[in-house]
Number of protein chains: 2
Amino acid sequence: MAGEKVRNMEEFARMSGISRPTLSKFFNDPTSVRASTRSRIEAALEQFDYRPNIYAMNQNRKLTKNIGIVVPLLSDPYFAEIARNLEQRCIAAGYRPTLFSSHGDTALEVEVLQTLRSLKPAGVLLAPLGRASDNKALEAFCAEVPTLIFDSSVEEIGLSFVGSDNVQFTTHITDYLCRTGEPPCFFEMKTPANPNAHRRRQAYIAAMESFGHTPEVVSVEGEGWGFEEIGRLGGHEALTNKWFSTNTILCSNDRLAIGLLTACYEQGVRVGRGQDCAIRVAGQDGHPHSRYTCPPLTTISHNYDAVSQTAAIALFLAIEGQLSPWKSTRLEGQLILRDSA
Amino acid sequence: MAGEKVRNMEEFARMSGISRPTLSKFFNDPTSVRASTRSRIEAALEQFDYRPNIYAMNQNRKLTKNIGIVVPLLSDPYFAEIARNLEQRCIAAGYRPTLFSSHGDTALEVEVLQTLRSLKPAGVLLAPLGRASDNKALEAFCAEVPTLIFDSSVEEIGLSFVGSDNVQFTTHITDYLCRTGEPPCFFEMKTPANPNAHRRRQAYIAAMESFGHTPEVVSVEGEGWGFEEIGRLGGHEALTNKWFSTNTILCSNDRLAIGLLTACYEQGVRVGRGQDCAIRVAGQDGHPHSRYTCPPLTTISHNYDAVSQTAAIALFLAIEGQLSPWKSTRLEGQLILRDSA
DNA sequence: ATAAATTTTTTACGCGCGTAAAATTTAGCT
DNA sequence: AGCTAAATTTTACGCGCGTAAAAAATTTAT
C-alpha cells in the first residue's frame, strides 16, 4: 500500500517481475490469473504504490466497470438511503458506482443521461422522475445502455423493473386502518410526480370497496417535489373546509403525511389513536424520518434491502451476460405501527 | 444535437471542416477560439452527434475538469442540500462534479479519497467527518490535490476553509432565548462527531456568562450519526431525571432537537412558547426538515447559498491559478423564529 | 516421464485525444 | 493596400493501457 510510487503498468511490471499483459488481466479481473501469480502481484502491490490509470483503462475497454446510479431527488432521505445501499452493493461486486440526482427536474434528468452516456457505463440503475420524465429520452438511453429501472416504473423499458408492490402497500394499511377504527380517507396530490401514486389511489379505492366502505379521495394542488409543503398547505385547506369525511387519513406517501401532521399541529388538531385525539394519520413508504414525527408516523415501509439487492443482482447478471427477459418484480412492504394511527 | 453519430474528433474535424487541434482547444475551453470559429463549431454540433471521449480527454491532460464533492453523510438532507448546491455551481462553471459520501465511516472516507485520487480531479470540495476523520490521510490527500475544506474545519489543511460561524450561531440564538424567556440549558452529545459542536458548547457557555446566567450543559451518550435517535433517547433520560434546570433547551443541532421533540411528545411534555407549554426547544442549522416538526422548530440557519458560493468560488480561483494564502471564512447564520421557542 | 492443457511472456498495434512547433491563413489596424 | 498580431492548420509524437497472436513456460493428466 505505502511505498515508492510507480508511474505506470510497465514500470510496475518491471518492478514486480510480471508481464504487463498479465497485470492487465489481473486488474481487469483478479480471478482470471493463476492463484500463485495473483499472490505475487498482491505482494508487489503491498510494496509499491501503484493504481492503474482509469482513463487509459477505460479508453479501449469495450465495457467499463462503471455503474451509474440515478435517483430523482437525492435530498429525499428515502432515495439517499436506497442510493447508499445500491452504492455499497456495486462496490462489493467490484464495480465503480457513480451517483447522480435529477433534482426533480426533467431537463436535468436528460442531462444526467447524456453525462452517463459518455461514462460508457457497464450498466445503470435508474429511478426515473416518473410523470415528469422525458420518456423518449429514457427509451433511447435504455436502448444504448443496459439499464435497470427501479422504484418507479415506466412501461416496459430497460432490462427489468424492481420496486415495491404499491397495491399490497395500500391494501394492507387500508385493511389495518379499517380494522382498528373508522375507515380512512385518502390524501394525495392532484398531479402526483410518479405512477406509484396512481396505483396507491386505485388500490385504496378497490380495498375500500371490497371492505364495503365508500372511498373518499382528497386531492390537493401542488407541483414539484416539495411534498411536505404541499401536504401542509393542502392539509390546512382540507381541515378548514372539512374535506375529510372520517377521522382517519391515509396519505399517499410519508412526506405528504409529515406535512399534514404539521398542518394538524398548526390547527390544534390532536393526532393519534388515543381517546383525546381527533384524527388518525398514516403514511406510506417507511421514510427514514417517519419515526421522529410527533406523533411518530404509522406507515408501511419499503423493504429497502430487498429492493436494492434484487435490483443490483438483476443488473449484475445482465452485465455478466445472463440476459433474461424483461420482468417486473414488486416487493411487499411491512406495516410499522406507531402512535399516529 | 440529433443527427448522424460521429466516432471521434478526427471524423468530426473532417465533417465540420475544422482542424482537430482547434476542436481540441474548443472542447477544452470554448472561449479560447475565435468567435466566428466557435459558431461554426457549434453549428456543426447541431448537425452531428459528437461528444469527446472523456477517457481519452483526461488521459493526457495535466488537469481534468473533474471536481470531487465529498460530504460525511449524504442521507442527511442538510448535506444533500449543500451538495446539490455545490454540484450546480460546478456545472455552471464548466466543471464535471462527482458526488461522494463517507456515510459516516472513517474507512469509507479514506476509500473515497483513494478513489478521488485516481480521478485526477482539478479540485475537491471536502466536508470531513470531523472527529472521526483520519487526519493523516486527509493531510496527505490535500498535499496532492487542491482541496477546499467546508462545513467542518480540520486544522489548517487544504486551500482554505469555508463554513458557518458557530460562535455567532450560538451566541445569537442564546441571546434570543434569554431575552424571550428563561435562559436555555444546552443539550448535546457527549462525544460529538465534529468540532462545530465544541465551538457551539463553548459559545453557549461564554454567552450565558456574559449575560450573567449560569450555563447548564446536558451531555448525552451516543455514537455515530443517528442524531435523532441519540436526541430521543437522551431526551427521555434527561426529562425523566430532570436534568434540565430551566424550561428552555438549546440543542447543539437540529437533528438532536428533532429527536428531543419526539421524546417530549412521548412523555407528554408540551413544547412551544404558548402559556400551556412546558418547555421551549430550539435547534441550530436550519435543517430542511425543521419547518415540519411539531411544533415547527425555532433554529438558526446556515446560509446555504453563501457557504456554497464562497466555497465554490474559492476553489475555482485556486484551480485557475489564483492562489491565495490559507484562510478561514465563517459566515453568519439567520435566526428562524417558529413555534418551538 | 511424457504429452496435453493451461498460463504467462513476448511482441506489436491501436484507441482518441492532448499538445508542441512550424507553416499558413485570417483579422485588426494605420 | 500593407503591415502586424492573432488564430488556425499541418504535421507529428506520446499518453497508459487493452488486446490480439505466437512463442515459451508452467501445471496437470496420463
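So, which residues are closest to DNA strand D? They are A:Met9, A:Ser24, A:Tyr50, B:Thr37 and B:Asn60, out of 25 residues that surround the strand. By "near" I mean that a heavy atom of the residue lies within 4 Å of the strand. Sugar and phosphate make up 64% of the strand D atoms that come within 4 Å of the protein.

Quick housekeeping: this is a predicted model, where local features need pLDDT of at least 70 and side-chain atom pairs count only at pLDDT 80 or more, while totals for chains, interfaces and linings use all residues. Residues are numbered from 1 along each chain as its sequence is written, chains are lettered from A and ligands numbered from 1 in the order written, and side-chain values use heavy atoms, with hydrogens and water left out.

Now, polar contacts, meaning pairs of N or O atoms within 3.5 Å. On strand D, a polar backbone atom of A:Met9 sits 2.4 Å from a phosphate oxygen. For the bases, look at B:Gln59, with a polar side-chain atom 2.9 Å from a base nitrogen of strand D. A:Gln59 has a side-chain N or O atom 3.4 Å from a base nitrogen of that strand.

Over to DNA strand C. Of the 25 residues around it, the nearest are A:Thr37, A:Asn60, B:Met9, B:Ser24 and B:Tyr50. Three phosphate contacts here: the B:Met9 backbone at 2.4 Å, the B:Ser24 side chain at 2.3 Å and the B:Tyr50 side chain at 2.4 Å.

Methods:
Polar contact = N/O pair within 3.5 Å; in protein donor to acceptor, adjacent residues only side chain to side chain.
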